[in-house]
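Visitor: I should like to examine one part of this structure closely. Would you begin at a single residue and then show how its surroundings connect with the rest of the chain?

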Amino acid sequence: MPVTQAPLSYDPFAADTVADPYPWYRRLQDEAPLFRQEALRFWVLSRYDDVLAGARAHGSLSSAEGVIYIRQPLPMMLTMDPPDHTRLRRIVARDFTPSAVSAWRSLVEGLAVDAVDRMLQERTTDAVQAVASPLPILVIARILGVPPDDYPQFRDWSDKIVESLAVIDPADVERANRTVEGILALQRYMATLVEERRRTPNGDLLSRLVQPRDEGALDDSEVFWFSLLLLVAGNETTTNLLGNLLHTLASTPALWDELRMRPDLVPAAIEESLRHDSPIQGFFRTVVAPYPVQGVEVPAGDRVLLLFGAANRDPRHYDDPERFRVERHPADHLGFGSGIHLCLGAQLARLEAAAVLRELVQRVRRLEPAGDPVRGTNPILRGMAKLPLTLTPA
Ligand code: HEM
């Protein structure tokens with residue numbers, strides 16, 4: 001008797017889907033490569049080729065109404081289309097080229113050494129609290145030029161703002177209020193800092209952002225929104241890359257041994273982690289010109305979810321995609337997106353993850369789970385909320 005499967009009822013926000021979305025992705029790819037989520041009223045693309053094409057189709061699939069479920073158009077380049085996006089990206093691009101980012105190497109490596117020192121002192125530690133969560137925000141704060149005394153405040157605002165990425169219920173007023181609170185507080189704070197840097201530039205990123213350049217100039221409001229974007233786009237994502245990667249390594253001792261013997265594989269392990277367990281599972285677009293895909297013309301006004309996390313596990317594109325294979329080196333994964341919005345901070349994220357992982361593989365002989373890890377519950381940003389590990393020094 002043929003086995004009939006229940007019709008797909010994929011809901012990216014359901015708790016059990018968030019806990020393990022991967023079986024759903026396989027079913028979407030096989031049974032409904034263009035899936036209609038009727039209740040929540042959006043379309044879903046999950047195959048590698050479709051997600052890649054969708055990410056590059058900025059003329060038809062717009063980011064200007066926001067990239068999360070709630071339509072949240074904010075004046076940041078992540079949520080802009082050309083020509084506004086082009087202008088802003090051109091101005092800031094030069095601060096994020098590989099050579100610009102390499103100027104932050106010693107800062108990042110120093111922070112990674114400090115974190116691993118503390119982890120080794122404790123021996124058993126929650127890797128999220130010890131390194132994955134504090135490191136990215138410290139890096140952004142230091143790069144921007146936020147004074148150290150203000151870091152805890154800075155972090156609190158950032159957390160409040162990022163929370164909104166999980167919102168699907170427009171009636172969740174409390175959460176929305178916390179986001180607005182965070183944004184307003186950060187805006188007041190940054191206004192003073194920007195004024196100081198205009199008067200006395202000191203070479204930090206904020207000083208550079210407020211200086212006019214050949215490519216154009218940012219006004220105060222643009223400097224603020226860009227700083228906010230760095231927080232929103234760069235912190236929890238990098239935290240999740242580190243958490244997901246360390247989770248995989250701690251539960252696969254052979255992999256740890258391989259990296260200890262071959263530290264030159266550290267960059268490959270990072271790319272494979274971005275593919276295998278992507279920190280951003282998917283972002284939305286709004287259709288602005290009828291978009292043909294999978295034999296259907298998706299009409300203007302509709303929304304489409306591009307599942308980067310599914311594309312990165314598409315067996316049509318990657319052989320044995322469920323397996324974490326360090327030698328795979330997937331240069332074409334969609335963990336950083338693709339097209340005009342390709343992650344601006346990709347080099348910085350790689351630098352941070354590599355600094356931590358190199359330090360750990362040099363100094364830690366065994367990395368083992370020390371209790372049950374806890375996954376985060378954010379449907380868009382996939383990562384670990386808690387990752388208790390025991391470290392045995394080399
Ligand atoms: C592992 C960590 C990270 C991941 C997985 C990640 C992922 C992504 C993805 C998928 C996009 C494309 C969004 C879209 O197509 O709508 C993006 C855009 C962006 N990311 Fe990242 N990101 C990471 C770290 C960072 C860091 C550290 C920064 C900066 C400090 C950053 C800054 C940005 C910015 C500014 C954009 C918007 C670019 C644009 O609209 O042109 N990201 N990121």
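Guide: In this predicted model, R41 is exposed, because its relative accessible area is 60% and a residue counts as exposed when that value is over 50%. R41 is found in the loop between strand 1 and strand 2. Its backbone deserves attention as well: phi of R41 is near 60°, a positive value in a residue that is not glycine.

The two strands on either side of this loop are partners. Strand 1 (34-37) and strand 2 (residues 42-45) run antiparallel and are joined by 4 bridges. Within this pair, F35 stands opposite V44 of strand 2. In general, the strands of a sheet pair through backbone hydrogen bonds, in either a parallel or an antiparallel sense.

Let us now follow V44 to its other side. In strand 8, its bridge partner is L305. Strand 2 and strand 8 pair over 3 bridges, here in the parallel sense. L305 leads onward in turn, for F284 stands opposite L305 in strand 8. This takes us to strand 5 (residues 283-287), which runs antiparallel to strand 8 and is joined to it by 4 bridges.

The whole sheet can now be described. It is an open sheet of 5 strands in the order 1-2-8-5-3, and its pairing is mixed. Strand 1 and strand 3 (61-62) stand at the edges; each has a single partner strand, so one side of each is left without a neighbour in the sheet.

Strand 8 (303-306) shows how side chains are arranged. In a regular strand, side chains alternate between the two faces of the sheet. In strand 8, R303 and L305 point one way, while V304 and L306 point the other way, and all of them are buried. Helix 3 (residues 48-56) lies across strand 2, strand 3 and strand 8, and runs at about 120° to strand 8.

V304 also belongs to a nonpolar core. The largest such core has 91 residues, and F154 and L357 touch the most other members of it. Helix 12 gives the most to this core, with 15 residues. Apart from it lies another core, of 26 residues, among them V51, A57, V304 and L334. In the largest core, the contacts of F154 beyond four places in sequence include I137, I140, L144, Y189 and L231.

Beyond strand 3, the chain offers another backbone feature. P83 lies in the loop between strand 3 and helix 4, and the peptide bond from P82 to P83 is cis, with omega near 5°.

Helix 4 (residues 84-93) has four named buried residues: H85, L88, I91 and V92. Seen down the axis of helix 4, the buried residues fall within an arc of 140°, so they line one face of the helix. What covers them includes helix 11 (205-210) and helix 12 (220-250).

Among these residues, I91 has a relative accessible area of 2%; it is buried because that value is under 20%. I91 touches R213, E215, G216, A217 and L218, leaving aside residues up to four places away in sequence. I91 and R213 are 122 residues apart in sequence, yet their C-alpha atoms are 7.6 Å apart in space.

A further pair of residues separated in sequence involves helix 1 (residues 15-19), where D16 has its place. D16 and T377 are 361 residues apart in sequence and 9.7 Å apart in space, C-alpha to C-alpha. D16 is exposed, with a relative accessible area of 54%.

Finally, consider the loop between helix 15 (308-311) and helix 16 (346-363), in which C343 has its place. The SG atom of C343 is the single donor from the protein to the iron atom of the ligand, at 2.3 Å. D320 is found in the loop between helix 15 and helix 16. D320 has a positive phi of about 50° although it is not a glycine, which recalls R41, whose phi is near 60°. D320 counts as partly exposed, at 32% relative accessibility, whereas R41 is exposed.

Key:
Residues numbered from 1 in each chain as written. Predicted model: local features only at pLDDT ≥ 70, side-chain atom pairs only at ≥ 80, totals over all residues. Heavy atoms only, no water. Buried < 20%, exposed > 50% of the residue type's maximum accessible area, 1.4 Å probe, protein only. Helix = DSSP H or I, 4+ residues; strand = E, 2+ residues; numbered from the N terminus. Arc of directions from axis to C-beta. Contact = heavy atoms within 4.5 Å. Core = buried A, V, L, I, M, F, W, Y, C linked by side-chain atoms within 4.5 Å. Donors = N, O, S within 2.8 Å, 3.2 Å for Na, K, Ca; no water. Pairing = 2+ DSSP bridges. Axes fitted to C-alpha atoms, helices over the stretch in contact; angles between N-to-C directions.
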